[in-house]
Each structure stands twice: as C-alpha cells, then as structure tokens.
Amino acid sequence: MNKVLLRKIARLCAGLLAAGALAVWAPPAAAQDASSVDASSTPPVGGDSGGGGFGGLFKDFDISFGGFLRLETAFSTGYENPNNERGDPYNGVSVHRVPGVPTPGIPLTAFVVPNPLLATDVVRPLAPSNNMFNYHTVRGELEAGIKINSNLNFIFRARALVEPGHYSDFNGASLTGTNEGGITGGDPALYGGAPNYFQYRVDGDKHPNPLEIAGPNYLLYFPVAILNYTNGPLNIRVGNQQIAWGQMIFFRIFDTPDGLDLRRHLVLGKATEEYSDSRVPAPAIRIGYQITDSILVDTFAEKFQPTMYPNPNTPYNVIPSQFTVHDRYFEGNYENKINYGMRLTADFGQYSAGLMYVRRYNPDGIFRWTKSNVNKDFPIVSSTGGVNTLGVVENTLALAALTNSGSRLAQTPVEVAPGGVYSADEWFHYAAQVRLNGIGALNSLINDFEPATGLLLADPVTTYSAAHNELDTFFTAAGDSLRGHIARDYFREDDIGLNFGYVTEAEPGSIFDQILVHLEASYTPNRTYTPIDLGQNPLRQHEWTVGLVAEKYQRFSEAFPATYMVFQALHKTKSDLFGRSLQGYGGTDTTAAPGVAGGANYFVLAGIQPFPASIYEAYAAILADPRGGVLAQPGLRWKPRGDITVEGFYTYINGHLGNPNRNALSTLDFADEFSLRLTYQF
C-alpha cells in the first residue's frame with residue numbers, strides 16, 4: 001500500500017473521530033481494556049490499559065502463543081454443482097438445435113422463421129461427475145500476542161490451508177484438441193488447466209491481495225496483524241484486520257465494512273459462527289473512543305478489498321464456468337480506493353441505540369458483458385467432420401469485407417471455444433438459474449457491441465422463440481459452443497444505519513424475562529446491482545434493509561447450562577440474501593424473468609445447548625425463504641479432552657418447495673453435505 005493511501009486513511013480516521021467526539025461530547029470514562037472495541041475479531045491480548053504512554057516501553061513485556069490444527073471435510077449427499085463444467089445438467093444429453101433465418105436491416109423480425117434444413121443435434125461432450133467430497137482441507141492457525149507495555153501490544157494471527165484437490169473435476173487442458181482449438185480467453189491459471197482453489201487473480205495483477213501467499217492448492221494469510229494502542233478511553237489499531245460490526249446469523253446489516261472470502265466453504269460453514277471465519281482482512285486504521293461509560297464511537301479507514309468468489313470449477317463455484325470473468329480490480333484502479341465509516345453506540349440500562357455510516361465500494365461488485373478480445377474464426381468443419389454451413393457463411397461475409405470472422409468476434413463478448421454454452425436450451429436454463437433475463441441478455445450482447453455484432457448478422461429480438469432460434473444459429477455456427485465474457489466492476493455506495501435495543505423484564509427466570517430485542521435498519525441510496533441483461537450500465541436502486549432479532553439465554557434444567565435461543569427476521573426491498581436484484585427472479589427454461597414484487601423476506605431460528613462440563617454442545621440453525629426455500633443445519637460438538645475437539649454438522653438445503661427461481665436458496669440446492677471437523681489445539 002503506497003504512502004499517499006496511508007495518509008488518506010489516517011486523515012479520514014482522525015476527521016471521523018473528531019466529528020464523533022464533538023457530536024456527542026462528554027468527560028472521558030474510566031480506563032478500559034482494548035477488547036471493548038469488537039474483541040470478537042482479535043485475540044484478547046494486553047490486559048492493563050492504564051496510563052504511562054511510551055515512557056517505559058518494555059516495562060511489562062510478555063509474549064503468548066496459541067493455535068490449532070484442523071482437518072475439515074464435507075461429504076456430499078447432494079448432487080454435483082451445476083455451475084461447474086462437469087455438473088452441467090446438459091452433459092451427455094442430446095439437444096435439437098434449430099437455427100433461424102436472419103433478416104439484416106429489418107429490426108424486430110430477425111430469426112422469427114426457423115430453418116429446419118440446418119437443424120442439428122448436439123451433445124455437450126463433457127462427462128458428468130459425482131464427487132464424494134465437496135470440501136476437504138488441512139488447516140492450521142497460529143496466534144501470538146506480544147505485550148510491550150500496559151498501553152501497547154501487537155496481535156498476530158496466521159492462517160494456512162492446504163487443499164489436496166482429490167476430486168473428479170474438470171481440466172481445461174483436456175479440451176485443447178477439440179474443433180475450436182481449446183479455451184483461449186481469460187487467465188490460463190483459472191481457465192486453462194486444473195481447478196485453482198485459492199489464488200485470487202484479476203486482470204493485470206496476479207496478487208491483488210498484498211498480504212496473502214497463495215497457490216492453486218495452498219493459502220497463507222494473516223486475518224490479524226495489528227499494533228494495538230490503548231490509553232484510557234482511547235483505542236487505536238493499525239495493521240491488517242477484520243472489522244466486525246455485526247453478530248447476526250446469515251444476515252449482514254451493520255456488518256458492512258468487509259467483504260467475504262468465499263473461496264473455501266462458501267457460506268456453508270458453521271452458521272452460528274456469524275461470518276467470523278469469512279471476512280476479508282485489509283490494511284486499516286481503526287480508532288475507538290469511550291466518550292462515557294455508556295457511549296462509544298468507533299471509526300475506521302481501510303484499503304478496499306473485494307469479496308472473493310470461488311474460482312471456476314472448484315466445488316462451490318457460483319458463477320457458471322461457461323463464462324470467463326475479467327475482474328477489473330486492478331485495471332479500474334480500485335486497489336487504491338479506501339472505505340471509511342463511523343459507528344456510535346449507546347447503552348442506557350434496558351435500552352440501547354446505535355448509528356452507523358459507511359462509505360465504501362460494494363465488495364460484491366457488478367457483472368456486465370465485455371469484449372472477449374479472442375481472434376478465432378468460426379470453424380468451417382463441424383464437430384462431426386462435415387461442412388459447417390453457417391461457419392462458412394460467416395467467414396465468407398468477413399472475407400468479402402477483407403477481414404476475418406475472428407476479428408469481428410473479438411469485438412463481441414463471445415469466444416468460439418469448448419466448455420461454453422452449446423444450445424439455446426442451456427442458455428435459458430442458466431439465465432433463470434443465475435437470476436438474469438435470457439432475452440434481455442441476448443439483446444444487450446448485440447446492441448452494446450455494434451457494429452461487430454451486426455456484421456455477424458446478429459439482430460435484437462422480442463420473443464422467446466426468435467431468441468431461441470438466433471442463439472441456436474450462432475451456437476451451430478461455432479461448431480459446438482460459445483463462451484461468454486463478463487467483466488466485474490465496483491461502485492461507491494453510502495450505507496446509513498440505525499438500531500435500537502430493548503431488554504425485557506418479567507418474572508425472574510421466566511421465558512419472557514431478559515429477552516434482548518434488537519431492531520436494525522440500513523438505507524443505501526442508489527445501490528448498484530448487476531443488470532439482469534448484463535448491460536453496460538449498472539442497475540441502480542434505493543434499498544432498505546430491516547432486521548429484527550430476539551435472543552435469550554434460558555435455563556431449563558439445573559443439570560444443564562443455559563440454552564441460547566435466537567429468532568431473526570430480515571426484509572430487503574430490492575435484492576435477495578446474496579445481493580442479486582429481485583428483477584431477475586422468476587424466470588424458467590422457456591420464459592424470461594418477470595421479477596418479483598414486495599421485496600425479499602427471510603427468517604431464522606437457532607439455538608445452542610451446552611452439556612454439563614461443556615463436553616458436548618448441540619446446536620441448530622434454520623433459515624427459511626417464504627418463497628420456497630429452506631436451509632437447516634443441526635450439529636454436535638464433542639470435546640473429549642481440553643486440546644481435542646470433534647465437531648460434525650449436517651447442512652440440508654431445499655430450494656424447490658416452489659418455483660426454484662423465485663427464492664434465494666435454490667442457488668445452493670446442490671450442496672447437501674455432512675461436515676466434519678477434527679481439531680487439535682496447542
């Protein structure tokens with residue numbers, strides 16, 4: 001990170017802290033431990049917080065170490081991820097393709113008439129697979145706390161993972177001898193060979209995350225590496241860190257500073273861990289000030305780091321592998337952007353309240369069509385060895401203009417290559433699955449990349465049948481398939497939040513006593529979403545997100561510790577649980593997405609029951625989408641001795657209780673699995 005960026009971060013934090021202190025000024029409270037500022041994200045090291053400054057720098061010097069080794073395995077009881085090449089439901093299935101008749105220069109009538117004389121049958125040539133494992137890694141963590149004096153300590157955590165990669169998976173190199181000449185576009189480390197489990201790579205930069213070391217099968221990074229200074233009511237943290245502003249199961253309302261690292265276990269880890277294992281760390285400055293015993297202001301400024309999605313053809317990949325992604329984090333100069341924000345919290349007996357403001361780049365990003373820049377002609381020989389008539393037509397038209405069809409295709413978002421989309425049926429199936437409009441996506445591909453698309457005889461359409469004919473025309477011309485190319489960009493947004501809390505009072509020991517009721521709401525004006533047609537301009541909408549939480553500890557028996565119980569409800573006005581626009585909902589294999597009205601709602605029930613002496617702990621979490629989806633996760637933890645833990649939990653997902661494309665959870669429907677963790681602590 002450059003010096004200019006560091007100075008920007010420092011000035012922003014200082015300004016935000018001053019603003020918060022002036023807005024709610026009061027005499028300083030008594031000295032307080034560093035853990036008062038979200039200790040959930042760092043190990044509690046460095047006890048006394050009294051005065052003394054740097055006078056006796058090493059007066060109370062102390063070092064502590066700890067860590068663990070863990071084997072994590074998830075046994076699949078579902079089916080193969082359909083977003084992977086070998087999980088595509090069209091593998092090995094014969095599909096009848098019927099090209100249409102183009103009508104150049106006559107808008108809205110193109111490809112309405114089918115051409116059965118050029119109809120062919122195509123079989124997606126990849127063999128299906130059925131893996132026993134979704135996930136298996138060896139993981140190690142090391143924590144170190146170095147107490148320099150009563151005010152200053154260094155907190156460090158290193159995390160290393162190794163993924164053996166023993167799956168029945170797809171290798172891009174296996175298609176290099178096919179008719180189209182293999183997969184040419186995109187980063188070869190992601191698309192040209194075996195799956196790459198851990199490297200986050202973007203166009204123009206192989207190491208966009210400066211504080212991690214990664215290869216295809218290993219990852220080493222530092223969730224926490226901070227210098228922590230505490231003096232009375234003041235706490236300052238400088239270094240690589242995670243900023244946890246939320247403690248909700250499945251939901252993130254106030255928890256906006258950091259994106260998520262989804263490369264390992266997606267969102268299918270232990271639900272009750274509340275994303276503590278997934279937030280993306282970033283170089284940051286964080287300042288907390290305890291204005292009074294009841295009021296705390298907390299500010300931060302950090303280097304923008306995006307959410308990291310699983311790479312193509314890894315077990316939990318969520319972007320269909322028929323499409324090549326060009327992440328513009330480096331080329332768009334986003335690596336030099338900063339996020340900043342402030343949170344103010346107050347507790348007054350039974351009541352609490354909070355305010356939050358974060359100005360950030362949305363870490364999820366948005367996706368749109370982009371030029372493939374792959375100069376590869378339509379083939380003149382079909383995959384069966386005969387003449388590819390439509391390929392000959394395209395090449396002849398290009399030759400007449402003293403050019404070639406490949407140079408025209410390079411200016412469009414498609415590439416003639418295997419492992420792409422093979423038929424209109426496959427196109428519409430996946431458009432509905434990823435919440436896009438299949439007709440709109442075709443039209444934006446054509447309209448946004450003129451004149452190249454027009455020179456290839458492509459023309460926008462208005463009906464499903466015409467779109468179906470046109471798609472089959474170009475898939476047939478490609479010999480087998482076309483791969484799509486999409487870009488990922490990031491946009492600024494302002495997140496404004498407000499929360500209120502109340503602790504009930506009833507008969508002591510009763511079920512209604514000491515329930516913590518918490519209401520959170522956030523408003524984001526002009527939030528950007530991926531357009532449902534993958535057009536060049538992001539979809540912008542104002543969004544409200546409102547959550548209600550009721551949680552309680554209740555002791556049902558003197559022989560057992562108290563049971564933790566929680567109920568949550570979430571309402572989002574414009575997007576689903578994963579940030580996708582609701583306008584892309586409701587499509588099917590034969591109809592374009594009409595969208596859904598009324599926002600999206602989700603409900604959670606969860607509980608944790610420790611057993612005597614904490615040898616066992618049972619827990620369960622249920623997430624429900626009223627439009628037809630449910631996720632249930634029961635689990636049991638066993639601690640046979642202090643340094644060994646055995647933990648297992650089962651994740652059941654059903655997104656087909658209604659139209660699967662009208663609820664969020666069908667996206668994960670494939671991932672029913674039993675997860676097992678074996679941990680040794682030291």
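Where is T314 found, in terms of the strands on either side? Here are some notes to help you find your way around this structure, which is a predicted model.

1. **T314, to begin with.** The residue sits in the loop between β10 (295–303) and β11 (323–327). T314 has a relative accessibility of 2%, and residues under 20% count as buried, so T314 is a buried residue. Leaving aside neighbours within four places in sequence, T314 is in contact with N81, N84, P195, N196 and Y197.

2. **The whole protein.** Stepping back, you will find 8 helices and 25 strands in the protein. The radius of gyration is 27 Å, close to the 26 Å given by the globule rule for 682 residues, so the protein is as compact as a globular protein of that length. Along the principal axes, the C-alpha atoms fill a box of roughly 85 × 55 × 45 Å.

3. **Inside and outside.** Of the 682 residues in the protein, 57% are buried. Among contacts with a separation of 6 or more, 72% come from residues 24 or more positions apart. The protein exposes about 26,900 Å², with carbon and sulfur atoms supplying 63% of that area. As for charge, there are 49 positive and 65 negative charges, and their mean positions are 5 Å apart.

4. **Helix α5.** A good helix to look at is α5 (residues 424–433), which is mostly covered, with 8 of its 10 residues buried. Those buried residues are A424, E426, W427, F428, Y430, A431, A432 and Q433. They pack against two strands, β14 (366–369) and β15 (414–421), and against two helices, α6 (438–447) and α8 (464–477). After α5 comes R435, with a positive phi near 70°.

5. **Helix α6.** This helix has 9 of its 10 residues buried, so α6 is largely enclosed by the rest of the structure. The buried residues are G438, I439, G440, A441, L442, N443, S444, L445 and I446. Their packing partners are β14, β15, α5, α7 (452–455) and α8. At the N-terminal end of α6, N437 acts as a cap, with a side-chain oxygen 3.1 Å from the backbone nitrogen of I439.

6. **A cis peptide bond.** Most residues other than glycine have a negative phi, and most peptide bonds are trans. With that in mind, have a look at the peptide bond from E450 to P451, which is cis, with omega near 5°. P451 belongs to the loop between α6 and α7.

7. **Two positive phi values in loops.** F250 is a residue other than glycine with a positive phi, near 75°. Its place is the loop between β8 (234–241) and β9 (282–290). Is F250 buried or exposed? With a relative accessible area of 13%, F250 is buried. N333 is also a residue other than glycine with a positive phi, near 65°. You will find N333 in the loop between β11 and β12 (338–348). N333 has a relative accessibility of 36% and counts as partly exposed.

8. **D187 and its partners.** D187 lies in the loop between β5 (152–162) and α2 (188–191). Which residues is D187 in contact with, leaving aside its neighbours within four places in sequence? They are G192 and R201. With R201 there is a polar contact between the two side chains, at 2.7 Å. D187 can also be placed relative to P310: the two are 123 residues apart in sequence, and their C-alpha atoms are 15 Å apart in space.

9. **H326 in strand β11.** The last stop is H326, in strand β11. H326 counts as buried, at 13% relative accessibility. Its side chain makes a polar contact with the side chain of D203, at 2.9 Å. Apart from neighbours within four places in sequence, H326 is in contact with G186, D203, T370, H485, I486, A487 and R488.

How values were computed:
Residues numbered from 1 in each chain as written. Predicted model: local features only at pLDDT ≥ 70, side-chain atom pairs only at ≥ 80, totals over all residues. Heavy atoms only, no water. Helix = DSSP H or I, 4+ residues; strand = E, 2+ residues; numbered from the N terminus. Rg over C-alpha atoms; globule rule 2.2 N^0.38 Å. Buried < 20%, exposed > 50% of the residue type's maximum accessible area, 1.4 Å probe, protein only. Contact = heavy atoms within 4.5 Å. Areas by Shrake-Rupley, 256 points an atom, 1.4 Å probe, with all protein chains shown as cover. Lys, Arg positive; Asp, Glu negative; His and termini not counted. Charge placed at Lys NZ, Arg CZ, Asp CG, Glu CD. Polar contact = N/O pair within 3.5 Å; in protein donor to acceptor, adjacent residues only side chain to side chain.
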